[in-house]
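Work through the exercises below with the model open. Each task is followed by a stepwise solution.

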Amino acid sequence: MLSHSHLLLRCLAAFSLLVCLVALPASDAYTVQRDAAGNEKMWDLTNAAELATINDGAVQFHIGTTPSQYASTFTGGVSEFAAMRRGIQAWADVPYAAITTEYAGLVENPEASGTDEKNVIFLDPDSAVLDDSTLAITTLTTDAAGTILDADITLNDRDFAWDTLGNRTTGEPGRPYIESVVARHVGFALGLDRSFVGRAALGEPIGPGSIRELRLHSDDRAGLAAMYPASEFADDFGEIRGTVATDTAADAEAVQVAALRLSDWQIVAAALTDEAGEYSLQGLEPGEYWLIAAPIRPEEMHSEGYANATTGVFPQVHGVATSSTSSPSVFEVDAGAVIATGADFTLSTNTDDGFEPNDTPTDATPLALGEAAVGRVMDASDVDTFRLDGVAPGDELDLVVLAYAAGSELDARLTVIGDDESTVLVSPSPVDAEYLPEADDVDGAAFDFDGHNLDARLEGYTVPAGEGPSLYLQVDAFGNPGQLGWYLIAAVRPADDVNVSAWASSLTLDPPTLDAGSAETATARVETRNRYGMLLGNLASVELDVGGNVVVMSESPAGSGIWEATLNAEPAATAQLVVATAAGTPLAEARTLRHTGGVDHDESTLEVRPVDGLFADGTSQARIRVIPRDIDGTHRYDGDHDVIIQSTAGNVGSVSYNPQAGAYEATLTAADEPATATISATLDGNALAQSATLAFDALPETAMDPPDPSNGNGNGDGNGNGSDDDLGTPQGMCGSYAGSAPALLLLPLLLLLMLLAAAARRRKSGAVIP
């Protein structure tokens, strides 16, 4: 039963929907949902004892037993219920996040109710809140302070022929995948809002065929950890803070600032400015970055808090003025460091592309190596041309056009033209050794765990013989002519940068543990790279400090820029800090070489994920991991042991060693009948002291006869144009009455009507998130 205090809070929450008549919205780091009063919508992990929907830091989700009408046509090999469970699991155990997710059981006759003390995910065959173009909706119930009390996710089983991914790597074209959509909406249920980082799980609205959400993007992980930080979060990651204003001196609210990592040209995280124009990019891995500020599309956000977003500005890369070309500012982010100065932007309110006209090589915009510019493709016939000077045959260049990954709607294409203004140069394909006349998508596979990337990028492009000293780079819209917008273009010759990057370079130890007093050795390996990720060879010296002793490394025959040294086991148990210095530059990341006792089967551990079990469907899989440890419990990265994993139910696959995790791993496929599996392992013939259990839960019955896909609006065949697009979020009465003086006189009546309506639907407050 709900306490009186909870009932009062939920009544107050209904009133909060009317506050948008008089209150100003606000925004915060990353895209965090906010109510009309500016409160962040978050789960309160400190007061979880009063909420049945929270258990020891885990947000619990139930699954409705309503089957999909299209279950008999699934090609993924798992049921809709197992797929929903996998979508929940996608957000479990996010590193550095103090919150997790878990499956909590089945619910019959599910509904999106804010008072049932259950977060429910379910398929709805006939929902009044789902239109025929919406895949799913998340309904949040909050109190007056923005604390989330309940979250329900409704999937549209009326208008879409769903499918499941299962354990495949290919899928049925055109169908939406339950795992993908559920994973995306679980992120919304945790309080995150829409991301404009294209490859993020919370990025571009899902269309049929996309499964990128099963592997969370760094922006998703960083956003969740920033909202619910574990104690180590601030120590292991960096942060950049700044302010965004306009050239009219006005603060710029809800402008996205994105971090572009130079070593691999990836947008890794983004943040939104608050009402004062301030932003905070948290959770940045140590590295070197460019920063890009750009307006968002507030109509695609889920929260009232972004209604006042600043949109009438031109995007900008930090250090490069609008309508100019220059070398961007480089921000060097170290673990635990906060960059609080030098990261401010002033955006132009002149939204015209100042490079126009530059449609042909004759009127091309000069762009030097190492420089960047921000332009805009204005219409389907617009072609922007840049002249790149100072190149020679054999030069290896990185040519980058970035738009989609940073939130632009542009589907960009890059064409390289020779110095004679007529020869179209070829571009290396990322797939094979053949050559293409142009660069289109970085990743053209729609069915791909890493997600779709519509940007154009040529890394390691070799200038052909006979070309130079100039090249022409042309940018236009590819595919759908309606996908127009802004872009960042950059061209670098990585070989020009001869400086060691402390962040892009790496140090590894193989193995990182040795038997004390033995003849075992470890190989220390250093890869010296510049900020663009290029290996740098022939340096003056690369040295290791191993517990206070200096070891000089030798350049490896494996390749220039790779350095190695052999480290011997110490006579007694100890731990040595290993620090690398390359050409006088200390690398940012240090390692620890441990000298321990041998592997101990009593201390070695066995882990099973997910811990909350599987459905007994004969196809769902869990991961079993055996971690070798010594007598003190220290993790041993030893890959030369004999490990056998057994289970009393289900089927265990072959065991393999994962050197990155330092663990022996196998998959456990669920039984096809309900059971509780006891999982055990042996290490070099000795049984581990630890075992584990995993429940295989009974499945609800699944409908076998799907409706005729030809009926309805045509989406039933899986080829409709629907998405879980972010439009249509109810804003209370804001849309009709904001700023209206007569509306303020109707507040008591409106409040009464809303309370009655909410009571009738058993939903006291919240936002419905499609």
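**Exercise 1.** Place Glu239 in its strand and list its side-chain polar contacts.

Solution. The model is predicted. Start with the backbone: Glu239 belongs to strand β7, residues 238-246. Next, check exposure. The relative accessibility of Glu239 is 13%. The cut-off for buried is under 20%, so Glu239 counts as buried. Now look at the side chain. Glu239 makes a polar contact of 2.8 Å with the side chain of Arg241. Another, of 2.5 Å, joins Glu239 to the side chain of Ser280. Finally, set aside neighbours within four places in sequence: Glu239 is then in contact with residues including Leu281, Gln282 and Val333.

**Exercise 2.** Find the salt-bridge partners of Asp515 and Asp638, and classify the burial of each residue.

Solution. Asp515 pairs with Arg636, with the closest N and O atoms 2.7 Å apart. Arg636 sits in the loop between β38 and β39, and Asp515 in strand β27, so the salt bridge ties together parts 121 residues apart in sequence. Asp638 also forms a salt bridge with Arg636, at 2.9 Å from N to O. Then burial. Arg636 is buried at 0% relative accessibility. Asp638 is buried too, at 9%. Asp515, at 21%, is partly exposed.

**Exercise 3.** Describe the salt bridge between Glu564 and Arg525.

Solution. The closest N and O atoms are 3.2 Å apart. Glu564 lies in strand β32 and Arg525 in strand β28, 39 residues apart. Glu564 is partly exposed at 29% relative accessibility. Arg525 is partly exposed at 26%.

How values were computed: Residues are numbered from 1 along each chain as its sequence is written. This is a predicted model: local features need pLDDT of at least 70, side-chain atom pairs count only at pLDDT 80 or more; totals for chains, interfaces and linings use all residues. Side-chain values use heavy atoms; hydrogens and water are left out. Helices (H or I, at least four residues) and strands (E, at least two) are DSSP runs, numbered from the N terminus. Buried means under 20% relative accessible area, exposed over 50%, partly exposed in between (1.4 Å probe, protein chains only). A polar contact is a pair of N or O atoms within 3.5 Å; within protein, one must be able to donate a hydrogen and the other to accept it, and residues adjacent in sequence count only if both atoms are side-chain atoms. Contact means heavy atoms within 4.5 Å. A salt bridge is a side-chain nitrogen of Lys or Arg within 4 Å of a carboxyl oxygen of Asp or Glu.
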